[in-house]
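New to this one? Let's walk through it with some questions and answers.

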Amino acid sequence: MKQNHPCPGNPFASDNSRREFLHVGLLAGLGLTLPQFLKMEAQGAQKTYTSKEGVAKSVIQIFLPGGLAQQESFDPKPYAPSEYRGPFGSIPTKLKGERFGEHMKELAKVADMMTVIRSMSHGEAAHERGTHNMFTGYRPSPALQFPSMGSVVSHELGPKNNLPPYVCVPNVPNIYANSGYLSSAFGPFGLGADPAQGNFKVRDLNLPNGVDDKRFHRRKSMLETVDGHFRSLEKSDALDSMDSFYQHAYKLISSQKAREAFDLSKESDKIKEMYGKNQAGQRMLLARRLAEAGVRFISLTAGGWDHHDNIKNGIQKNLPSVDKAVAALLQDLKQRGMLDNTLVLLTSEFGRTPKINKTNGRDHWPRVFSVMLAGGGVKSGLIYGKSNALAAEPEEDKVGVQDLAKTVYNQIGINADKELMAPGGRPMEIVDGGEVLNDILV
């Protein structure tokens with residue numbers, strides 16, 4: 001029952017208020033302002049967990065920008081009316097009773113190696129906002145830029161084998177793939193070149209002409225002296241991150257093994273043909289090399305999937321090469337004994353509308369779409385969740401972006417309930433809400 005204030009004109013008349021007043025007085029006696037105390041209190045309440053390498057030693061995130069249509073890929077509706085079914089048929093997979101779109105011939109053969117979630121859903125129909133969701137596990141906020149999953153992994157687990165912990169192939173694809181409120185030291189290493197190019201060479205990875213090892217190490221020593229001087233004058237994220245970037249660069253350049261991780265010439269023509277000598281194939285082959293060498297999080301893009309017009313041509317142009325490359329990646333990882341400890345994640349920012357539009361395409365549709373996971377402690381041969389008869393809404397086991405992100409973090413060894421410190425001393429959970437999808441885990 002609500003009680004009336006004993007003295008309405010006196011804000012400190014209640015017992016609680018008197019205690020609060022004395023508490024604030026004590027803070028002043030300790031030389032603390034109230035904002036300082038609240039900051040300390042927030043930091044003290046911060047949820048901390050130790051991150052350590054999990055079942056998945058590496059994550060390969062394959063992002064298909066633009067919005068892959070669920071109906072033409074992992075969730076065809078062969079019995080829907082033609083204006084919903086779309087221009088293509090469907091094919092049987094290795095899983096009894098389950099079908100994929102007709103241009104997923106290779107993935108259909110290895111469906112027993114993956115989990116497909118057909119009930120992924122969020123509420124963001126704009127490309128930027130949907131992309132933000134899938135890279136960070138958060139809805140966009142005007143007040144704060146959230147870090148990507150790769151940057152969180154970099155922050156929590158750090159580098160291994162002198163390699164950057166987070167690499168983007170071929171470049172950083174969007175601003176949401178960056179470090180957000182974390183230091184820029186945890187941002188991605190972008191290759192600056194496409195592995196599909198015949199003269200592919202990672203920028204700044206080799207010594208400049210005329211610089212031998214002796215000169216290189218002398219330069220490093222001189223730079224460390226200068227850096228030490230400036231760090232003694234000023235401390236800032238920019239200086240710290242610059243120092244971190246230099247350290248990573250020197251380790252990359254000075255380590256033959258690290259440089260070789262990026263060298264596709266070490267791969268046979270047979271392997272290159274297996275993946276496909278094209279954009280999707282060579283990016284995924286490089287991703288396998290990087291995971292094998294010790295990179296913790298590799299993010300790559302392939303194709304363009306914003307098929308508002310003529311979806312038939314768009315799918316025919318983009319999907320066969322991706323289908324072949326992803327299937328080859330899974331088979332290659334398994335053959336090398338790497339699939340159990342490498343998590344492959346295939347996503348897009350959203351799906352496409354249930355009904356074909358007037359220009360024979362499909363528009364943005366975040367209410368339901370499909371994602372695929374394989375390896376890294378995820379069950380094999382599982383279809384999880386279900387969309388309705390028109391691929392318009394989740395019908396069973398709806399999955400949100402928080403659930404997916406939390407599951408990925410869980411497999412690589414990070415408790416996503418952990419709070420990281422955002423600007424202003426604000427503790428922020430790595431993922432706010434959601435549950436680990438234990439039903440899809442081994």
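Q: In what order do the eight strands of the open sheet come?
A: Keep in mind that this is a predicted model. The pairing in this sheet is mixed, and its edge strands, β6 (189–190) and β12 (382–384), each pair on one side only. Reading across from one edge strand, the order is β6-β5-β7-β1-β8-β11-β4-β12.

Q: Which residue in β11 is the bridge partner of Val116?
A: Let's look at two strands of that sheet, β4 (residues 114–120) and β11 (residues 369–374). They run antiparallel and are joined by five bridges. In one of the β11 positions you'll find the partner of Val116, and that is Met372.

Q: Which helix lies across β1, β4, β7, β8 and β11, and at about what angle does it run to β1?
A: Take the strands β1 (58–63), β7 (297–301) and β8 (342–347), along with β4 and β11. The helix lying across them covers residues 127–136, so it is α5 by the numbering from the N terminus. The angle counts as roughly antiparallel because it is over 145 degrees. For helix α5 against β1, it's about 165°.

Q: Which strands does helix α13 touch as it packs on the sheet?
A: Helix α13 spans residues 401–412. Its direction makes about 160° with that of β8. The strands it touches are β1, β4, β8 and β11.

Q: How many of the ten residues of α5 are buried?
A: The buried ones are Gly130, Thr131, His132, Asn133, Met134, Phe135 and Thr136. Right after the helix comes Gly137, with a positive phi near 80°. So α5 itself is mostly covered, because a residue counts as buried when its relative accessible area is under 20%. The count is seven.

Q: Are α11 and α12 roughly parallel or roughly antiparallel to each other?
A: The axes of helix α11 (residues 279–293) and helix α12 (residues 311–335) come within 8 Å, crossing at roughly 20°. α11 passes α12 in a right-handed crossing. Angles under 35 degrees count as roughly parallel. The two helices are therefore roughly parallel.

Q: How many residues in the contact of α11 with α12 are nonpolar?
A: From α11, Ala280, Gly281, Met284 and Arg288 take part. They meet Ser321, Val322, Ala325, Val326, Leu329, Asp332 and Leu333 in α12. Two of the residues in this contact are polar and two are charged, while the nonpolar ones number seven.

Q: Is Lys94 buried or exposed?
A: Lys94 sits in the loop between β2 (90–92) and β3 (99–101). Leaving aside neighbours within four places in sequence, it's in contact with Ala108, Lys109, Ala111 and Asp112. Its C-alpha is 6.6 Å from that of Val110, 16 residues apart along the chain. Even with those contacts, Lys94 has 56% relative accessibility, so it counts as exposed.

Q: How far apart in space are the C-alpha atoms of Asn310 and Pro87?
A: Asn310 is in the loop between β7 and α12, and it counts as partly exposed because its relative accessibility is 40%. Leaving aside neighbours within four places in sequence, Asn310 is in contact with Thr359, Asn360 and Gly361. Asn310 and Pro87 are 223 residues apart in sequence, but C-alpha to C-alpha the separation is 9.7 Å.

Q: What percentage of the chain's residues are buried?
A: Zooming out, the chain holds 13 helices and 16 strands. Among contacts with a separation of 6 or more, 71% are between residues 24 or more positions apart. Of the 442 residues in the chain, the buried share is 50%.

Technical notes: Residues are numbered from 1 along each chain as its sequence is written. This is a predicted model: local features need pLDDT of at least 70, side-chain atom pairs count only at pLDDT 80 or more; totals for chains, interfaces and linings use all residues. Side-chain values use heavy atoms; hydrogens and water are left out. Two strands pair if DSSP finds at least two bridges between them. Helices (H or I, at least four residues) and strands (E, at least two) are DSSP runs, numbered from the N terminus. Contact means heavy atoms within 4.5 Å. Axes are lines fitted to C-alpha atoms, for helices over the stretch in contact, and angles run from 0 to 180 degrees between N-to-C directions. Angles under 35 degrees count as roughly parallel, over 145 as roughly antiparallel, 65 to 115 as roughly perpendicular and the rest as oblique. A crossing is left-handed if the near helix is turned anticlockwise from the far one by less than a right angle, and right-handed if clockwise. Ala, Val, Leu, Ile, Met, Phe, Trp, Tyr, Cys and Pro count as nonpolar, Asp, Glu, Lys and Arg as charged, and the others, Gly among them, as polar. Buried means under 20% relative accessible area, exposed over 50%, partly exposed in between (1.4 Å probe, protein chains only).
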